[in-house]
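Student: Could you help me learn how the words used for a protein structure are earned?
Tutor: Gladly! Let's take a look together.

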Amino acid sequence: MSSSLEKLVEDIIRESKTKAEELRKQALGQVQEALAKERADALREADLIIRSAKSEADAERNRRISQAKQQARLLYLAEKNKVVRDVLKDLRSGLVQFARDDSAYGPFLLKSIAQGLVAVPSETVKIALSERDAKKFKSSRMLEEALAAAQTPRKAVLSDKPIAGTGGAIVTSEDGKIRADCTLEARVQLMEPQLLAEISRILFAS
Amino acid sequence: MSSPEIMRKIVEAEKESKRILQEAEREIAKMKKELPDKIASMRQEILREAAEQREHLLAEAEKAGAEEAERIALETRKQVEALSNTPEAKRKQALEKAMVLLLS
């Protein structure tokens, strides 16, 4: 009887211990499952943060490099432009020398006047020269030669108003409505893009 | 053993059994109560590490960008210097060619 009772008591205790252990195990499983789910969510969030940071970092690095490249390009182009413009400046100075060399400048002036005559379709035209040229060529037959070069039977008179500038001529119609600027300065201005391109080609051809 | 004695032993066993289950329930309740804090702490740790990694990545990119920008600037300075040192013969050639083009 006593041993049966002891067994009964032991059974009651063992059963409750087993039940308690099952409850603990079940609860622990639920806790671990919840933790694992939350951990996975947090890791996903962290992954998004890192991936976004990588994109942000790449964009920042590329922005910085692109900015530096652009600055470098501008700096390089500015210097290149300066070098080319310096040659153009020398060209303008060279034109002053050219205008003093009668043997080279005389035919050029004649050609310039002839071009002006062709450009201005007026019976009578006025030809304006610099004071220096007017003095120098007044006594010559330059106007007649220019009319012959332009192959036009028109009348050309020398203007009494001298032009400022290095050289060349301005041809104007009698009524003053049509004007052909054949000065060296106008020629340089007109041909500037071509001149700059040619200078660049020679200076920077690789 | 008398019947009351047997009953007493059984009642005591039942009491012990109840106590064991109640203790388990208390442990479980405690475990569940602590769960939100545990989750928050774990989440905070993971996100803190991610934030640290983010800062590191951005700082590295900033450094790499600055280094590359410096390299580009240095290279450009060399190229600009080379431009300034254009040979006189080339300049003369360009000037002569431009003069011919202008007066032709």
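**Setting values against definitions**

Tutor: B:Arg48 is partly exposed, with a relative accessible area of 39%. Before your questions, please note that this is a predicted model, where local features need pLDDT of at least 70 and side-chain atom pairs count only at pLDDT 80 or more, while totals for chains, interfaces and linings use all residues. Residues are numbered from 1 along each chain as its sequence is written, chains are lettered from A and ligands numbered from 1 in the order in which they are written, and side-chain values use heavy atoms, leaving out hydrogens and water.

Student: Why is B:Arg48 called partly exposed?
Tutor: Buried means under 20% relative accessible area and exposed means over 50%, with partly exposed in between (1.4 Å probe, protein chains only). B:Arg48 has 39%, so it is partly exposed. B:Glu45, at 35%, counts as partly exposed too.

Student: What makes B:Arg48 and B:Glu45 a salt bridge?
Tutor: The rule asks for a side-chain nitrogen of Lys or Arg within 4 Å of a carboxyl oxygen of Asp or Glu. For B:Arg48 and B:Glu45, the closest N and O atoms are 2.8 Å apart, so the pair fits the rule. These two residues are 3 residues apart in helix α1 of chain B, and so about one helical turn separates them. Helices here are DSSP runs (H or I, at least four residues), strands are E runs of at least two, and both are numbered from the N terminus.

Student: How do you know that A:Lys82 forms a salt bridge with A:Asp86?
Tutor: Their closest N and O atoms are 3.5 Å apart, so the distance satisfies the 4 Å limit. Both residues lie in helix α1 of chain A, 4 residues apart, or about one turn. A:Lys82 is partly exposed at 45% relative accessibility, and A:Asp86 is partly exposed at 27%.

Student: Why is A:Glu192 called buried?
Tutor: Its relative accessibility is 18%, so it falls under the 20% limit. A:Glu192 sits in helix α5 (residues 184–204) of chain A. Leaving aside residues up to four places away in sequence, A:Glu192 touches A:Arg85, A:Leu88 and A:Arg92, where contact means heavy atoms within 4.5 Å.

Student: How do you know that the buried residues of α4(A) line one face of the helix?
Tutor: In α4 (residues 142–149) of chain A, the buried residues are A:Met142, A:Leu143, A:Ala146 and A:Leu147. Seen down the axis, they fall within an arc of 135 degrees, so they line one face; the arc is that of the directions from the helix axis to the C-beta atoms. They pack against α2 (102–119), β1 (124–128), α3 (131–137) and β2 (155–158) of chain A.

Student: What do chain A and chain B bury between them?
Tutor: About 5,600 Å², 78% of it on carbon and sulfur atoms. Buried area is the accessible area (1.4 Å probe) that two parts lose on being put together, summed over both. In chain A, A:Leu5, A:Arg24 and A:Ile202 lose the most area to chain B, together 10% of what that side buries. In contact are 64 residues of chain A and 55 residues of chain B.

Student: How many salt bridges does the rule find across the interface of chain A and chain B?
Tutor: It finds 6 across this interface. One salt bridge joins the side chains of A:Arg64 and B:Glu62, at 3.1 Å from N to O.
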